[in-house]
2 protein chains.
Amino acid sequence: MATPEIDTLLARRERLLGVEVPTFYEEPVHIVHGEGVWLTDSEGRRYLDMYNNVPCVGHGHPRVVEAMHRQTQTLNVHSRYLHEGILDYAERLTALHADPISTAVFTCTGTEANEVALQMARAVTGKRGILASDSAYHGNSTEVRKLSRLRNNDDPEYRGFPFPQRYRPLQEGLSDDELAGLYLDEVRSGIADLQASDAGFAALMLCPILANEGLPDIPAGFMPRVTELVHEAGGVFICDEVQAGFGRTGRWWGYETSDFVPDIVAMGKPMGNGLPLAGVAAPLDMVNAFRKRTRYFNTFASSPLQAAVGMAVIDVIEEEGLVERAAQTGEYMRDALREMQEACEAMADVRGDGLFTAIEWVSDRATRIPDPEGADVIVNALKDRGILMSRAGAGANILKLRPPLVFEREHADHFLTVFEAVLRDTQS
Amino acid sequence: MATPEIDTLLARRERLLGVEVPTFYEEPVHIVHGEGVWLTDSEGRRYLDMYNNVPCVGHGHPRVVEAMHRQTQTLNVHSRYLHEGILDYAERLTALHADPISTAVFTCTGTEANEVALQMARAVTGKRGILASDSAYHGNSTEVRKLSRLRNNDDPEYRGFPFPQRYRPLQEGLSDDELAGLYLDEVRSGIADLQASDAGFAALMLCPILANEGLPDIPAGFMPRVTELVHEAGGVFICDEVQAGFGRTGRWWGYETSDFVPDIVAMGKPMGNGLPLAGVAAPLDMVNAFRKRTRYFNTFASSPLQAAVGMAVIDVIEEEGLVERAAQTGEYMRDALREMQEACEAMADVRGDGLFTAIEWVSDRATRIPDPEGADVIVNALKDRGILMSRAGAGANILKLRPPLVFEREHADHFLTVFEAVLRDTQS
């Protein structure tokens, strides 16, 4: 039941922002305060935040707040004047990447980063065609939107392929190696189609952990082998680390979990802990090809403010050991969830890396039929008990647990207790 | 002569950000501090800022700094939870616009705002074709880039027309009314071409003051008449207020200087005084058509942070009377510049509105040949004497004076004294 306050806010929203502005939950929450892993609503109710990846070092982290405050008092201006802040930040950020990734282009949003990545791949290869997963989402600009829902795509420059997964594999009963080979055949065929077209083949674009697809277990070997395939075909591998990057997976970058090195990396969400800050990192020659072609300039990007805040975020991640902690806490939580699977038919698969966990929710384990409605019941029941998370995946049936990186074991324990109670009350 | 410090910064920049990252001036400046209309370099040298429109209420304005600090300490999260901040801001912002503009879509950058505007126009009309000035710049995404340099465009969904101007008119010796009619014919013909194509005609997109074109005097009556023409053809008028908006012209919106009301307004640069904040305002039905078609979501936009900062900027503009002051100070400065024209052949035309002034720099007044090199000498000479501004326009020969709105008469006097000295030293 929505309170009069919520109804009023929803009505104002529809008048001032228009219809169908996305909200979470049957009865949306009205959040007024955030601190660490906790959000508080207008009635003083606290929620454990197990959704938000943007405030990666926690809501209102004092180091980041202070860095932003100090820099806005000092200087915040565009990059056509010189400033060492953005150079120090670019140096620090690219040093966290695998060789030969050495150079950065900054933007304000993940969409803009993926725009730069696409333009860079096309400048480098002279081709236009992009291959991507058929269940991806990479952003909201006209061009990047073409990468969404590629199953129904008829744009000659974009082509989708079935994303690699072990839970609902293309074919049953195969070894990882054989299954990876099957998905590689799909990629090979997509590349060949693009090469045979006017577009040619420029790039494969993938989230390294396939987050929007539902965080599937990727058959071992797929990512390194697909990297080779892309390079053999004269293309570049664009890795969309907007969700996977900055320690989320228990490694600095999502690509480290699958043991490959992409050519172009797009980064975003957690990068500025809430300040619009995103960008691309790539080898110098690729960045130069892009710069020469576009003379790219972004008014708000590469600013002293972005630099100061981005640097503070890296400082906190390193000093608080958040990458390692994400690995440990995530593993601890998944172990406990897997123990609960026996008693709960719907919890068909528990998977993930670091502090990004997916629970595949099905109506029947044998048939693996997605149960988005059942998953929605859990999401809303957890919200009513003070835990915020959401659903994801191609079938919208996957419970998505993705708290700020400062989520600790005690928070995991709290979640596990509440989750067990929700299962008891809803699954009988 | 670049100092060793500047050389080192330029070398690091090329290594970490790539080649051809735009800088200003023959020897770029290394700015470390900003306050009000003043910027300070690493050697303590102060520059009067007559370029920057983003910090509209002045560099480091304490009210904006404080609003940002308070909000980052309190809450900064995405818009799928409810928050009244963004509703209050949308209400305040849209109330500043003419009827029936009532509803807002927020983004982080002007490019993203123009992306939304294009998507909205296409959702509303069901057509794809966009008509724009042949010397425009509206942003850096793949789609919005198609609006740049439309003279050489071969994309079937985009068409350019010669922008209306009085200094180098399509035909000499005409009255304003006749000249406006001539440019309207160009628009009419562009619309007809699009209507005859598969794309159809969706929208005309213009900066209301044609800032990137060089801030021309627009023949009286052109804008209201072109608005009618667009509507008769079933299209919508997208007004790119990214540069013109927020008091720059001595009116709240650029469209007020030409006495018309557009359908869709894109806003950006000054909106957050440096925080990435941009957006679109339009009638409710147009926003709804866009929302239904796209279910648009932007992670960093519509946040409590954007709302708090955007609100503080409007507060300061209103409380300090910056719109009126921009009108007065700008007029005062242009009057003085026009007096200097007699003694300086190169200063062929002085024009503008509010705190946005253009000086057309030519090698010969009779032939009106643009003199970009001569203009560049002035830009660098002013920089050497502690005044920062730049060049613009289709011929890159237009001196562009566009200080923060807190620029006062005493700053104008300082500029005029220095400018006179530069003219004395360079024009003989």
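**Exercise 1. The domains of chain A**

Determine which stretches of chain A make up domain 1 and domain 2 in this predicted model, and describe the side of domain 1 that touches domain 2.

*Solution.* Begin with the domain assignment, which gives chain A a domain 1 made of 4–57 + 321–426 and a domain 2 covering 62–319. Next, take the C-alpha centres of domain 1 and domain 2 of chain A, which lie 26 Å apart. The contact then draws on 25 residues from domain 1 of chain A and 26 residues from domain 2 of chain A. On the side of domain 1 of chain A that touches domain 2 of chain A, at least two residues each come from α11 (322–341), β11 (347–353) and β12 of chain A, and the largest share, five residues, belongs to α11(A). Sorted by class, that side of domain 1 of chain A has 15 nonpolar, five polar and five charged residues.

**Exercise 2. A residue of strand β12**

Decide whether Asp364(A) is buried or exposed.

*Solution.* First locate the residue: Asp364(A) belongs to strand β12 (residues 356–364) of chain A. Then apply the neighbour count, in which 12 or fewer other C-beta atoms within 10 Å make a residue exposed; because Asp364(A) has 11 C-beta neighbours inside 10 Å, Asp364(A) counts as exposed.

**Exercise 3. How chain A and chain B are related**

Work out what rotation superposes chain A on chain B, and what kind of axis this relation belongs to.

*Solution.* The superposition of chain A on chain B takes a rotation of 180 degrees with 0.0 Å of shift along its axis, at an RMSD of 0.0 Å. That is the relation of a two-fold axis. Of the residues of chain A, His69(A) comes closest to the rotation axis, its C-alpha lying at 2.9 Å. As for the surfaces involved, the same surface serves both copies, and 100% of the contact residues of chain A recur in chain B.

**Exercise 4. The contact between the chains**

Find how many residues chain A and chain B bring to their contact, and then examine the crossing of α3(A) with α1(B).

*Solution.* The contact takes 70 residues from chain A and 70 residues from chain B. On the side of chain A that touches chain B, α2(A) gives the most, with six residues, and the residues of this side divide into 31 nonpolar, 26 polar and 13 charged. Turning to one pair of helices, the axes of helix α3 (residues 84–95) of chain A and helix α1 (residues 4–16) of chain B come within 10 Å and cross at roughly 35 degrees, in a crossing that is left-handed. Here Glu84(A), Leu87(A), Ala90(A), Glu91(A) and Thr94(A) of α3(A) meet Leu9(B), Arg12(B), Arg13(B) and Leu16(B) of α1(B), a contact with four nonpolar, one polar and four charged residues.

**Exercise 5. Backbone features in the loops**

Establish where Pro100(A) is found, and compare the surroundings of Glu20(B) and Ser302(B).

*Solution.* Pro100(A) is found in the loop between α3 and β4 of chain A, and a cis peptide bond, with omega about 0 degrees, joins Asp99(A) to Pro100(A). In chain B, a cis peptide bond likewise joins Asp99(B) and Pro100(B). Glu20(B), a residue other than glycine, has a positive phi near 55 degrees and sits in the loop between α1 and β1 (31–35) of chain B. Ser302(B), also not a glycine, has a positive phi of about 60 degrees and is found in the loop between α9 (284–294) and α10 (304–319) of chain B. Counting neighbours, Glu20(B) is partly exposed because 15 other C-beta atoms lie within 10 Å, whereas Ser302(B), with 29 C-beta neighbours inside 10 Å, counts as buried.

Terms used. Residues numbered from 1 in each chain as written. Chains lettered and ligands numbered in written order. Predicted model: local features only at pLDDT ≥ 70, side-chain atom pairs only at ≥ 80, totals over all residues. Helix = DSSP H or I, 4+ residues; strand = E, 2+ residues; numbered from the N terminus. Buried ≥ 20, exposed ≤ 12 C-beta atoms within 10 Å, placed from the backbone. Axes fitted to C-alpha atoms, helices over the stretch in contact; angles between N-to-C directions. Left-handed = near helix turned anticlockwise from the far one by under 90°. Contact = placed C-beta atoms within 7 Å. Nonpolar A, V, L, I, M, F, W, Y, C, P; charged D, E, K, R; others polar. Domains from an automatic or database assignment. Least-squares fit on C-alpha atoms with pLDDT ≥ 70 in both.
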